[in-house]
Amino acid sequence: VSIPSRHPRTAFAGSAGTLWAPYLTLGLAVVASYRFLPALGQLIAIELLAVTGTAAIVARLRGRPEHPLGWRLLALVCLAFGVVGWGFWQVEVAVSGVPPAPGSPADVFFFAGEALCLAALVVLLLRREPGSGPLLEAAMAAVAFGTAAWVFLIHDYVRDDTLALAARATQIGYAACDVMLLALAVRILFSPGRRTGAYWLLTAGIGSLLSADLLWNWLTLAGSYAAGSYYDLGWLLFLLLPGVAALHPSLLFDQARRGGRHVGARYLLLLAGAALAAPLLLAVEAFGEVDRDDVAFGAVSTALLTGLVLARMAGLIREELRLSAEVRVQHERLEEAERLARLGNWEWDLTEDEVSWSSGLYRIWELDPSEFTPSYEAFIATVHPEDREFVETTLGGALDTGSAEFEFRVIRPGGEERVVHASAGLVRDAAGRPIRMVGTAQDVTERNRAESALAASETRFRTLVSNIPGVVYRCALDADWTMEFLSDAIEELSGYPSSDFIGNRVRSFASIIHPDDEVEMERRIWDAVDAGRMYAIEYRIVRADGATRWVLERGQGVLGASGAFHLDGTILDITERREGELALVAQNERLEELDRMKDEFIALVSHELRTPLTSIRGYLDLLLEGEVGEVTEEQQNALRVVDRNAERLTRLVGDLLFVAEVEAGKLELERRTTDLTAVVRDAVESARPTAESKSVALTIVVDEVPTLQGDPVRLAQLLDNLVSNAIKFTPEGGQVGVRTYVEDGSVSLEVTDTGMGISAEDQRRLFERFFRTQKATAEAIQGTGLGLAISKAIVEAHGGTLAVASKEGHGTTVRAAFPLPAPHGSEARQKEVAA
Amino acid sequence: MNESSTPLVLVADDDADILALVKFRLERAGYAVLAASDGEEALRLATEQSPDLAVLDVMMPKLDGYEVTSRLRQREETRDVPVILLTARVQEADVARGFEAGADDYVKKPFSPQELGARVQAILGRR
């Protein structure tokens with residue numbers, strides 16, 4: 001399979017497009033040399049022209065010209081007329097010195113050539129010629145030239161009895177054919193679609209044939225024709241020119257300009273010539289020495305020609321009327337368009353200094369055409385005084401530069417101000433002198449108002465957007481996140497200007513999203529859009545400088561006016577927050593680790609302290625009990641001090657261990673049915689010696705309360721803590737009261753003192769481990785700051801709450817509330833109360 | 001069971017002071033006391049002397065109190081020797097582990113010698 005590298009038409013055009021000029025030159029050289037060649041040389045010249053002409057046309061057919069049949073027929077014309085017909089004729093001339101007699105085979109082929117030529121022209125003229133005009137013109141030409149041919153040639157042959165019938169018929173036949181060819185050639189010349197180089201060359205060829213035929217006819221009639229002389233040149237050109245026409249590039253490429261018919265001077269001259277042809281010939285005949293019997297023929301042809309010209313004129317007038325009606329419609333349409341567009345046009349004839357305004361212009365100016373006479377000065381007077389100088393300068397400038405476009409204000413007669421947008425263009429004559437200035441003016445008052453309102457709104461919107469922290473966007477729901485709008489803040493965030501992203505001009509927004517986050521981000525946006533929800537996503541973008549930033553994007557899908565979804569939202573840089581969060585998490589972990597280590601440390605240290613404490617206290621007991629020898633009174637006192645402090649140390653270690661256990665979540669209760677009142681009584685009794693030594697009154701009010709499921713050891717520890725605390729912070733002569741009661745569905749235990757109280761600030765931190773009030777520290781009251789923390793842990797392990805109410809200087813109340821046990825417990829309580 | 005009327009109590013603790021204190025207290029209370037300063041020694045003495053009761057510290061080098069207890073329980077001659085564990089650990093899990101190993105009672109450190117004496121008497125009196 002072979003694939004042509006180029007379209008045949010262009011391939012041929014490349015090689016043949018410029019062939020016509022050399023072919024024409026060579027052909028003309030052959031034609032010019034014809035006269036000086038011997039008969040045989042002339043035969044060769046004729047054959048050469050005819051064969052190359054045929055070949056040129058046939059070759060050109062590959063380029064697919066319009067009307068290929070017409071050109072094929074023309075090739076046959078060259079073949080029949082030139083190669084065969086003239087070949088036969090010239091052989092005869094070469095052999096016998098004279099051309100063959102009329103009616104010879106040569107004439108047959110000549111006639112065939114003429115007929116083919118007529119057919120070719122008819123085919124070439126076919127189509128695209130509307131109306132009867134072209135037909136009338138062809139008929140006019142045929143009648144006019146037919147009349148001439150009759151008067152000067154055919155008529156003579158018809159009456160010349162001296163010639164043989166064959167010779168006369170031949171001559172008359174040629175003349176008739178020529179008349180028809182001439183008519184068609186004229187048609188081609190006046191056909192608007194045929195004014196190209198190729199058709200001019202073709203008509204020139206036909207013209208050459210006609211003139212040669214005419215010459216031959218005439219000379220034969222006069223008896224002075226000689227074969228091989230310059231008389232034959234027309235025929236030679238007829239063989240050459242169709243081939244040149246076929247090769248001319250305009251046949252294929254310069255498609256004929258299809259302009260409208262232009263009724264110019266040349267055309268009118270043709271019509272007049274046709275109308276006058278017959279009378280002119282009749283006049284020639286009348287005053288020449290011609291027989292009278294031609295009058296009838298002259299009258300008929302005159303009438304025919306006149307009729308044809310009139311018909312053609314009527315057609316032209318009708319056309320003209322139709323055109324003017326069309327112009328009127330167009331004019332009305334323009335008026336309407338001007339009115340709708342608030343537009344008007346004007347013309348300033350510079351040579352006459354006359355100004356004309358369209359009605360649209362009067363409408364803009366609100367002037368009455370019957371009252372206002374437009375002129376340059378009158379126009380300037382309507383311009384706003386502040387704009388006059390500008391308008392005059394601009395128009396003056398347009399006289400130099402050729403055009404201007406400008407806006408100015410006019411004052412209507414009513415005083416109203418309008419803004420007009422005007423354009424002006426200069427028209428020059430052939431010599432370049434300015435002759436007219438034309439232009440338009442449009443009322444743009446409303447448009448300008450709307451534009452400035454829009455601009456103000458736009459500015460407001462932009463200011464608003466630029467003041468929003470972060471980026472505001474509107475983008476398409478596509479793989480690139482194609483941005484319709486993106487506020488300027490994106491430049492600070494990404495390092496790329498906003499304009500880069502609009503319509504993906506330089507880069508897409510998708511291209512700056514961190515590759516690891518792309519898929520997740522897209523999924524979450526689509527999920528949100530599908531569900532009709534807003535989305536808030538955190539992801540990373542990669543800046544122009546390669547740095548990574550964390551952003552928070554919020555937005556939602558919005559159905560636009562066009563029916564397409566887009567996303568509206570904001571993007572915030574949250575890198576600092578993210579980093580802060582991460583640092584905080586790390587810090588928290590470190591703190592928790594430290595806390596855990598501290599608890600472990602406390603547990604370890606406490607444990608290691610217990611063993612020596614066990615020894616110390618054990619041996620102190622031995623000493624005090626006198627087991628290892630007599631101890632004096634003074635020694636006993638000293639040992640008791642040691643023992644008291646060792647006991648304190650033991651308690652402290654116990655507390656520390658307890659707290660560590662609570663913190664480690666390891667506090668476990670050994671629950672059993674416990675009578676809280678018994679625990680309270682025991683605790684108060686064991687605290688009584690301390691209270692008495694400080695002269696603090698210790699009172700106890702115990703309501704019967706239901707038994708609890710609790711750890712008696714821990715509850716005792718709680719009571720010890722609370723009571724000893726109260727005594728510790730109550731000065732001499734003060735009071736400490738312990739109460740138990742049932743209230744609001746809970747069993748309450750209350751320890752009240754009349755001590756120094758706790759400030760509101762300190763109360764907030766009271767339950768923190770190792771916290772000591774400022775007063776406790778300042779007055780050097782012993783303590784570790786663990787008592788209340790432990791108490792709280794014990795109460796909460798029992799499902800209760802511990803609260804403190806205090807007023808500085810007026811004492812403190814600590815209240816532990818435990819949930820009441822199940823209903824049967826409350827029945828039991830009622831029975832107890834009743835008993 | 002020891003043949004004399006004085007009950008024999010094995011005391012094991014790696015802290016020499018405490019060991020001496022407990023020994024002193026128990027002897028004053030009228031018991032014969034075998035003192036061991038680590039788990040291995042305690043196990044050896046218990047096997048050799050068949051005490052009426054063993055007071056074992058949990059945290060001891062070589063063999064801890066749990067281990068000594070469970071080994072005592074595995075041997076025919078010591079299977080029935082009552083064991084009191086001395087423990088500084090206070091978690092229930094630790095206590096449970098002691099009972100699982102075969103201990104009869106436990107005393108938390110720091111303990112008072114009187115409390116220990118009372119427990120020893122309670123167990124021996126039960127028998």
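Here are some questions and answers on this predicted model of chain A.

Q: Why is A:Phe109 called partly exposed?
A: Its relative accessible area is 34%. Buried means under 20% and exposed means over 50%, with partly exposed in between, so at 34% A:Phe109 counts as partly exposed. You'll find A:Phe109 in helix α5, residues 105–125 of chain A.

Q: What makes the nonpolar surface patch that includes A:Phe109?
A: A:Val84, A:Val108 and A:Phe109 make it, and the patch comes to about 230 Å². A patch residue needs over 30% relative accessible area, and A:Phe109 has 34%, so A:Phe109 clears that cut-off.

Q: What is notable about phi of A:Arg342?
A: Phi is near 50° there, a positive value in a residue other than glycine. A:Arg342 sits in the loop between α11 (295–341) and β1 (343–349) of chain A.

Q: Why is A:Arg342 called partly exposed?
A: Its relative accessible area is 41%. Exposed would take over 50%, and buried would take under 20%, so 41% puts A:Arg342 in between, as partly exposed.

Q: Why does A:Asn504 count as partly exposed rather than buried?
A: Buried means under 20% relative accessible area. A:Asn504 has 22% relative accessibility, so it counts as partly exposed. A:Asn504 is in the loop between α17 (498–501) and α18 (515–531) of chain A. Phi of A:Asn504 is near 55°, again a positive value in a residue other than glycine.

Q: How many of the contacts in chain A link residues 24 or more positions apart?
A: Taking contacts with a separation of 6 or more, 63% are between residues 24 or more positions apart. The chain has 26 helices and 17 strands, and of its 835 residues, 42% count as buried.

Q: What makes up the surface that chain A exposes?
A: Carbon and sulfur atoms supply 60% of the roughly counted total, about 43,900 Å².

Q: How many cavities of 30 Å³ or more are there, and what lines the largest cavity?
A: There are five cavities of 30 Å³ or more, and the largest cavity holds about 170 Å³ of space. Its lining has 16 residues, with A:Trp346, A:Val355, A:Trp357, A:Phe379 and A:Leu395 nearest its centre.

Q: Which element gives the largest share of that lining?
A: That's β5(A), with three residues. Among the elements of chain A that each supply at least two residues are β1, β2 (354–357), α12 (359–365) and α13 (376–382).

Key
Residues are numbered from 1 along each chain as its sequence is written. Chains are lettered from A and ligands numbered from 1 in the order in which they are written. This is a predicted model: local features need pLDDT of at least 70, side-chain atom pairs count only at pLDDT 80 or more; totals for chains, interfaces and linings use all residues. Side-chain values use heavy atoms; hydrogens and water are left out. Patches are made of residues with over 30% relative accessible area and no salt bridge: like charges are joined within 9 Å, nonpolar side chains (Val, Leu, Ile, Met, Phe, Trp, Tyr) within 5 Å. Accessible areas come from the Shrake-Rupley method with a 1.4 Å probe; for residues, only the protein chains shown count as cover. A salt bridge is a side-chain nitrogen of Lys or Arg within 4 Å of a carboxyl oxygen of Asp or Glu. Helices (H or I, at least four residues) and strands (E, at least two) are DSSP runs, numbered from the N terminus. Buried means under 20% relative accessible area, exposed over 50%, partly exposed in between (1.4 Å probe, protein chains only). Contact means heavy atoms within 4.5 Å. On a 1 Å grid over the protein atoms alone, a cavity is a set of points where a 1.4 Å probe fits but cannot get out, and a pocket is an open set with protein on both sides within 12 Å along at least five of seven lines; lining residues have an atom within 4 Å of a point. Grid points are joined across faces, edges and corners, and a volume is the space filled by probe spheres set on the points.
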